[in-house]
Amino acid sequence: MKKLENYECSHVSEKPSDGGETEEVLVIGHCLLNPLARVKGVKPVQPIDTRGANVIQLPCPEAMFFGMKRREITKDQLDHPAYRRFCREIFTHFADLLEDLAAGGVKIKILGVPKSPSCGVEITSVGGEPGKVKEFHHKHAPGPGVFMEEIIKELKKRNVKFEIEDAGK
């Protein structure tokens, strides 16, 4: 095993609190920081500036469940007990952390991925033909994706206060 030498770690200084300022954490959809997780060929989302912010990056449930060579999919196709259970399972530890942070007075702000069948908050993808197709047809509809629905349910069940919206607003 090769020894690491001259390893430098940049230190992020803590922001001093004056007592009147509420601390906030941004909980963001995975591909907002890592566009490589998106379905190949799908236009990247508008990057968000997280400099100076406290950030928790959610995992990408679609990449974890289907892998990186997956095809385009819609909420209707993801709305299955096995996928919902998977979403709940991967979010559980994040929910524990957010519950703890909220209990300590930290403001929780969740940023979803517009039009995503998993991580959309205000708009998601629906439709899509089953089976082998030459062209994939779908449309966008108001409402959250599957992963965001499970996140909302879990945080509400735990009485965690949070704000939630799609990124780019």
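Helices (H or I, at least four residues) and strands (E, at least two) are DSSP runs, numbered from the N terminus. Residues are numbered from 1 along each chain as its sequence is written. This is a predicted model, in which local features need pLDDT of at least 70, side-chain atom pairs count only at pLDDT 80 or more, and totals for chains, interfaces and linings use all residues; side-chain values use heavy atoms, leaving out hydrogens and water.

Select residues 146–157, which form helix 4. From its first C-alpha to its last, this helix of twelve residues reaches 17 Å, close to the expected 16 Å (1.5 Å times one less than the number of residues). After helix 4 comes Asn-159, with a positive phi near 60°.

Next, colour helix 4 by burial. Nine of its twelve residues are buried (under 20% relative accessible area, with a 1.4 Å probe and protein chains only), among them Phe-147, Met-148 and Leu-155. The buried residues pack against helix 1 (61–66), helix 2 (75–78), helix 3 (81–103), strand 3 (107–112) and strand 6 (163–166), where contact means heavy atoms within 4.5 Å.

Now turn to the sheet. Its four strands form an open sheet in the order 2-1-3-6, with parallel pairing (two strands pair if DSSP finds at least two bridges between them). Strand 2 (54–57) and strand 6 are the edge strands, each pairing on one side only.

Then select strand 3 and strand 6, which run parallel and are joined by four bridges. Leu-111 stands opposite Glu-165 in strand 6.

Finally, show helix 4 again: it lies across strand 3 and strand 6, at about 165° to strand 3. Such angles run from 0 to 180 degrees between N-to-C directions, with axes fitted as lines to C-alpha atoms, for helices over the stretch in contact.

Note on methods:
Buried means under 20% relative accessible area, exposed over 50%, partly exposed in between (1.4 Å probe, protein chains only).
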